[in-house]
Structure formats: C-alpha cells, structure tokens
Amino acid sequence: MVKSIKLANFRSHGYTELDFSPNTTAIIGCNGAGKTNILEALYYAFITKSFKSPQSSLVSRDMDFMKLNVEFGDNKINNLEYRLKKSSSSIARTITIDGVKKQASDVIGTQPIVIFIPDDTRIITDGPQFRRNLVNGIIIQTSREYLAAINRYQKLLNQRNHLLYSLKNKRTTSKDQLFVYNLQMAEPISVIYHYRDELTQFLNQNISQKYSSISGGKDKINIKQLSTLPKDKHGILSSLEAHTSDDLALGFTSKGPHKDELAIGLNGFPSRDNLSRGENRSLALAIKLCELEFIRSRNQTPPLLLLDDVLSELDESRQKHLLEQATNQQTILTTTAETGNIGKYEIVRI
Ligand SMILES: Nc1ncnc2c1ncn2[C@@H]1O[C@H](COP(=O)(O)OP(=O)(O)OP(=O)(O)O)[C@@H](O)[C@H]1O
Ligand SMILES: [Mg+2]
C-alpha cells in the first residue's frame, strides 16, 4: 500500500506532499493543476520510466535536480527514493530502497501498478509497438525471469544491430560475432515467448466475457501472438541464422520479439481498422481490466490502480464497470470535477 508521495522539482511541482487513502483517493484540480504529473510520478517510481516522455523532462524547467519519495504502508519496503541530476549533456539517476542503492530492475514489480489513461484506445488503433509495450509492461511486473530476459535480449539486440550497421556501411568486415549473438539471443527469446504465450492464453480465457459485460452484446474476442520466430531454442537459432543474410543487407535485425504483433480480433475481424470509437473504448477497457486481473493473480503485493481522467471519457455504465474495480485494491484517480460517482472517496484537492 502506498502511503504518501513527496515531489521536489518534479515537472510543475516545486514541492508537493500527498497522503493516499488505503482505498480510493480522488485527486481533484483544474486543468493544468498537475494531476497527471502526480500519476506520472507514481508510474515512474514503480516502472522506472515515464509513460509519456524521456526522464530529462521530469525535472522542473529551469532546475537541474529532481527528488521523488514514496512511503509505503505494509509492503516489504518502507521508502523508495529517486534523485535525478541534470547537466548540459547528461542525466544521472540514483535509486534507493530504504537507504540502499538499487538498480531499476530491483524496483520493477515491488509495487505492481496498472494505469488507465484516455489514450488507452491507442492499444487498439495504433502500431504494433503499442501492443508490445502493453504486453511487456504487464509481464515485467509479474516475472523477474521475463524482466531479465527482456533486458538481456535488448542489450544483445543493440549490439547485433550495431554490428550489422557497421558491416553494411563497411566499417568492419568481421561477421563471426553474428553467430555468437544468434546463439546468445536464442535463450532469452525462448523465455520471452514462453511468458507472452501464458499472457495470451489468459487474455483469451477472460477477455470476451469482460468485453461483453461492458458492451452488453455477445461478442467473441480472439487474441493471437504473431511471432516472427519459432518458439523453441533450436528453431529460434536456425531461424536467426537463416535471416542473417537479409539482416546484413538491411543493416538491422528484422526478426524477433521486438517485431512481433499481438493481433486482436473482434468476431473474426482484425480490430485495428474495423471498430467504432465506442467499440475501441470498450475493447481497450476490457484489455486493461484483464491486465489488472492478471497482475493481481500473479503477484503477492496487490496492484495499485491509477486512473487518469478516464471517467469523463466513459458513459455511465462503463464508468460503473471501472469504479467497481476500484474497490478491489488501492486506487488513485484524477478528475477535474467532483461527480456523484466519486463522492464517497477520500478527496485531495490540488
Ligand atoms: N518539466 C516541467 N517543468 C515545469 N512544468 C511542467 C513540466 N512539464 C510539464 N509541466 C507543466 O505541468 C502542468 C500540469 O500538467 P498536468 O498534465 O499534470 O495537469 P493536469 O492537472 O493533469 O491537467 P488536465 O486536467 O488538463 O489533464 C502543465 O501546465 C505543464 O505545462
Ligand atoms: Mg491530466
């Protein structure tokens, strides 16, 4: 449970201290008051990245440092602190948990979170990157093995791409290392595929029912992981080897988990270009509700639910659906107006 947050020079917050209810806190303030900034600070604290921009933009304008503190109630840890120090060319970050220096990978998963933002429909309507980010964002919070595999894969991918680029531009001629990268990558890729399959299965088992209860209809949603490589280690290695000459011509790695797609179909049709605005909203909401359930079922620490200004976007019945979830775990929501629906929550005005 998150007890409080202290922000010093975080975006528009010169200094802000907020206490949260163990149940639901509604942060109310006018446009531009800094409500989204507070949720962004919480997201950043637990995911170690912003959901909208690079971390240098988190430091208040005209300032060169930022400090963020989160106090917990009954978690394994009491205090999480971030310090960012900006210089003209770089940014230095220090993370500490209860006074001990930590890496980003030590923090992710300590307090799982699920955030709903008005932009969530982009999961349906925008490019595959949005769905890959969704999938990664869910699984890194539920499996340390997946988090380690993603980090390892990303590192090897960067190195492999760097070499392919150098070879294409004739800055080097030594191709031998490519085989080593292929060999090293096969292991994390097989781990990534294992966990992505598990999530896909969970979504398929739960999403149609979630969607129907929001839309009121009897729709069938089908979710499929479209992988660019086979699933088993041996197959992954042979396929990477087979694509190496294409990759050499391109100057980058063309196949792998960074290129895969999560295909979402509604009643047999791909959802990306075929749905109405209302259907997009219902489907995005259903996916996010499944995310919440998945994270809840896989973690000992209950997730923190963050709702940024999403109620105004939803009609009465969808609002009701979402707010029913708010009672199942600690929730922090933002809104510009005190509506009847949130009257019963602990209200913080900023
Ligand atoms: N690095 C920064 N330094 C100072 N101010 C910033 C920085 N980044 C953003 N801001 C400002 O923070 C202000 C508050 O933004 P925020 O998005 O949190 O408002 P909000 O309360 O969510 O508003 P809305 O109701 O419109 O969503 C904006 O005026 C923005 O210009
Ligand atoms: Mg906002």
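## Two domains

In this predicted model, the domain assignment splits the chain in two: domain 1 takes 1-112 + 304-350, and domain 2 takes 120-298. So domain 1 is written as two segments of the chain, with domain 2 as a single stretch. Taken over C-alpha atoms, the centres of domain 1 and domain 2 are 27 Å apart.

## Where the domains meet

Let's look at the interface. On the domain 1 side, 16 residues are in contact with 15 residues of domain 2. The area buried between domain 1 and domain 2 comes to about 1,500 Å², and carbon and sulfur atoms give 59% of that. Three residues stand out here: Ile108, Arg318 and His321 supply 37% of what domain 1 buries against domain 2, more than any other three residues.

What about polar pairing? The rule finds zero salt bridges across the interface of domain 1 and domain 2, but five residue pairs are in polar contact there, both partners at pLDDT 80 or more. As for secondary structure, α2 (104-107) and α9 (316-326) are the elements that give two or more residues to the side of domain 1 that touches domain 2. Of these, α9 gives the most, with four residues. Sorted by class, this side of domain 1 has six nonpolar, seven polar and three charged residues.

## Aromatic pairs

Aromatic rings pair up too, with five such pairs in the structure. One of them joins tyrosine 146 and tyrosine 195, an edge-to-face pair at 6.0 Å centre to centre with 75° between the planes. Tyrosine 146 belongs to helix α5 (residues 144-168) and tyrosine 195 to helix α6 (residues 176-215), so this pair ties together parts that are 49 residues apart in sequence.

## Salt bridges

Search the whole structure and you get 15 salt bridges. Among them is the one between the side chains of glutamate 40 and arginine 11, at 2.6 Å from N to O. Glutamate 40 sits in helix α1 (residues 35-47), while arginine 11 is in the loop between β1 (2-10) and β2 (13-19), so the pair ties together parts that are 29 residues apart in sequence.

Definitions and conventions: Residues are numbered from 1 along each chain as its sequence is written. Chains are lettered from A and ligands numbered from 1 in the order in which they are written. This is a predicted model: local features need pLDDT of at least 70, side-chain atom pairs count only at pLDDT 80 or more; totals for chains, interfaces and linings use all residues. Side-chain values use heavy atoms; hydrogens and water are left out. Contact means heavy atoms within 4.5 Å. Buried area is the accessible area (1.4 Å probe) that two parts lose on being put together, summed over both. A salt bridge is a side-chain nitrogen of Lys or Arg within 4 Å of a carboxyl oxygen of Asp or Glu. A polar contact is a pair of N or O atoms within 3.5 Å; within protein, one must be able to donate a hydrogen and the other to accept it, and residues adjacent in sequence count only if both atoms are side-chain atoms. Ala, Val, Leu, Ile, Met, Phe, Trp, Tyr, Cys and Pro count as nonpolar, Asp, Glu, Lys and Arg as charged, and the others, Gly among them, as polar. Rings of Phe, Tyr and Trp (its six-membered ring) pair if their centres lie within 6.5 Å; planes under 30 degrees apart count as stacked, over 60 as edge-to-face and the rest as tilted.
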